[in-house]
Amino acid sequence: MFLNFSRQTLNKCAKKTNLILINSKYFSTKFNIDKESKKHGGELVASVLKIYDTRHEVNAVFAADAVARLRQHIGVAAVTSGPGVTNTITSLKNAQLAESPVILLAGAAPSLMKGKGALQDIDQIPIIQSMCKFTARIINVDDIVPTLREAISISQSGTPGPVFIEFPLDVLQSYQEVLRDASFIKTPDTPEKQNFNESVYQHIYRQFHNAWSHKEFGPLPVTIPKPNIEDITKIADILGNAKRPLLLMG
């Protein structure tokens with residue numbers, strides 16, 4: 001965690017504890033970042049997808065639910081942050097009750113602006129957590145692929161159901177775009193201001209560390225519960241010995 005002290009304080013500590021304040025340009029060498037790459041996190045979410053636009057977020061999830069039921073596979077819906085997420089509650093609950101493996105992807109405020117009054121910034125996960133088998137917030141670009149693989153597997157395993165992944169805006173942008181839009185202090189003329197700028201740099205470096213390293217894109221195994229042979233045999237015996245059997249199924 002970045003220590004928000006002045007350079008003088010840190011330098012005094014360094015004499016006793018070997019603590020060294022690292023300038024951001026040197027700190028960046030600790031991270032594997034391709035600063036020239038124009039790739040963005042959105043490419044890891046959906047590089048080749050056919051998009052069907054809807055007029056309302058609730059209809060997007062209803063459509064994903066329908067796809068999941070008809071194709072016996074996952075259905076995916078993507079919505080904007082804040083009211084876009086809350087608008088899906090009815091259809092998301094419907095998918096949960098129908099045991100549909102729906103993947104709901106939602107935007108969110110940039111990670112550095114979380115909880116600071118950014119546009120449509122609300123605490124989304126607690127609102128829909130009770131309706132989802134799995135919820136996650138992407139912190140770093142390197143987390144996108146493994147989180148998606150896990151969510152897709154969980155949505156189909158056991159009793160199928162909806163899952164939710166939140167994507168802050170900056171993890172879907174390129175390194176240059178995030179650096180350009182970051183809230184740096186233009187005139188860092190005090191140690192405190194310099195430390196603030198360095199904390200922002202460090203956050204961005206962590207965010208893009210190993211962003212474009214090799215990743216396994218294949219699906220994770222889906223766990224489907226199988227009936228116990230002994231239970232099946234027992235049920236067959238009961239039915240075989242019943243005089244007027246009545247089956248309630250569904």
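In this predicted model, K193 counts as partly exposed, at 32% relative accessibility. Its side chain meets that of D189 in a salt bridge, with 3.2 Å from N to O, and D189 counts as exposed at 53% relative accessibility.

**Salt bridges**

The structure holds 5 salt bridges. Side chains of opposite charge can pair when their charged atoms come close. Three of these pairs, including the one just described, are set out below.

| Acidic residue | Basic residue | N to O distance |
|---|---|---|
| D189 | K193 | 3.2 Å |
| D121 | K114 | 3.4 Å |
| E166 | R137 | 2.3 Å |

The pair of E166 and R137 links distant parts of the chain: E166 belongs to strand β4 and R137 to strand β3, 29 residues apart. E166 is buried, with a relative accessible area of 2%, whereas R137 is partly exposed at 24%. In the pair formed by D121 and K114, D121 has a relative accessible area of 19%; the cut-off for buried is under 20%, so D121 counts as buried. K114 is partly exposed, with a relative accessible area of 27%.

**Overall architecture**

The protein chain contains 11 helices and 4 strands. Of its 250 residues, 37% count as buried. Among contacts between residues at least 6 apart in sequence, 77% join residues at least 24 apart. The accessible surface of the chain comes to about 15900 Å², and 57% of this belongs to carbon and sulfur atoms.

**Strand β2 and its partners**

Strand β2 covers residues 102-108, and 7 of its 7 residues are buried, so the strand is largely enclosed by the rest of the structure. In a regular strand the side chains alternate between the two faces of the sheet. In β2, V102, L104, A106 and A108 point one way, while I103, L105 and G107 point the other way.

β2 pairs with strand β1 (residues 75-79) through 5 bridges, and these two strands run parallel. Within this pairing, V79 has A106 as its bridge partner. β2 is also joined to strand β4 (residues 163-168) by 6 bridges, again in parallel. Here L104 stands opposite F164 of β4.

**Nonpolar cores**

The largest nonpolar core has 26 residues, of which V141, I144, I165, F167, I204 and F208 touch the most other members. At least two residues of this core come from each of β2, β3 (134-137), α8 (144-156), β4, α9 (175-181) and α10 (191-208). Apart from it lies another core, of 16 residues, which includes A64, V79, L104 and I125.

Leaving out residues up to four places away in sequence, I165 touches L104, L105, A106, A136, I138, T147, L148 and A151.

**Helix α6 and the surface**

Q96 lies in helix α6 (residues 89-97) and is partly exposed, with a relative accessible area of 24%. Beyond its neighbours within four places in sequence, Q96 is in contact with S130, M131 and P162. Q96 and D65 are 31 residues apart in sequence and 9.3 Å apart in space, from C-alpha to C-alpha.

I235, L239, L247 and M249 make a nonpolar surface patch of about 450 Å². M249 is located in the segment after α11 (229-241) and is exposed, with a relative accessible area of 75%.

Conventions:
Residues are numbered from 1 along each chain as its sequence is written. This is a predicted model: local features need pLDDT of at least 70, side-chain atom pairs count only at pLDDT 80 or more; totals for chains, interfaces and linings use all residues. Side-chain values use heavy atoms; hydrogens and water are left out. Buried means under 20% relative accessible area, exposed over 50%, partly exposed in between (1.4 Å probe, protein chains only). Two strands pair if DSSP finds at least two bridges between them. Contact means heavy atoms within 4.5 Å. Accessible areas come from the Shrake-Rupley method with a 1.4 Å probe; for residues, only the protein chains shown count as cover. A nonpolar core is a set of buried Ala, Val, Leu, Ile, Met, Phe, Trp, Tyr and Cys residues joined through side-chain atoms within 4.5 Å. Patches are made of residues with over 30% relative accessible area and no salt bridge: like charges are joined within 9 Å, nonpolar side chains (Val, Leu, Ile, Met, Phe, Trp, Tyr) within 5 Å. A salt bridge is a side-chain nitrogen of Lys or Arg within 4 Å of a carboxyl oxygen of Asp or Glu.
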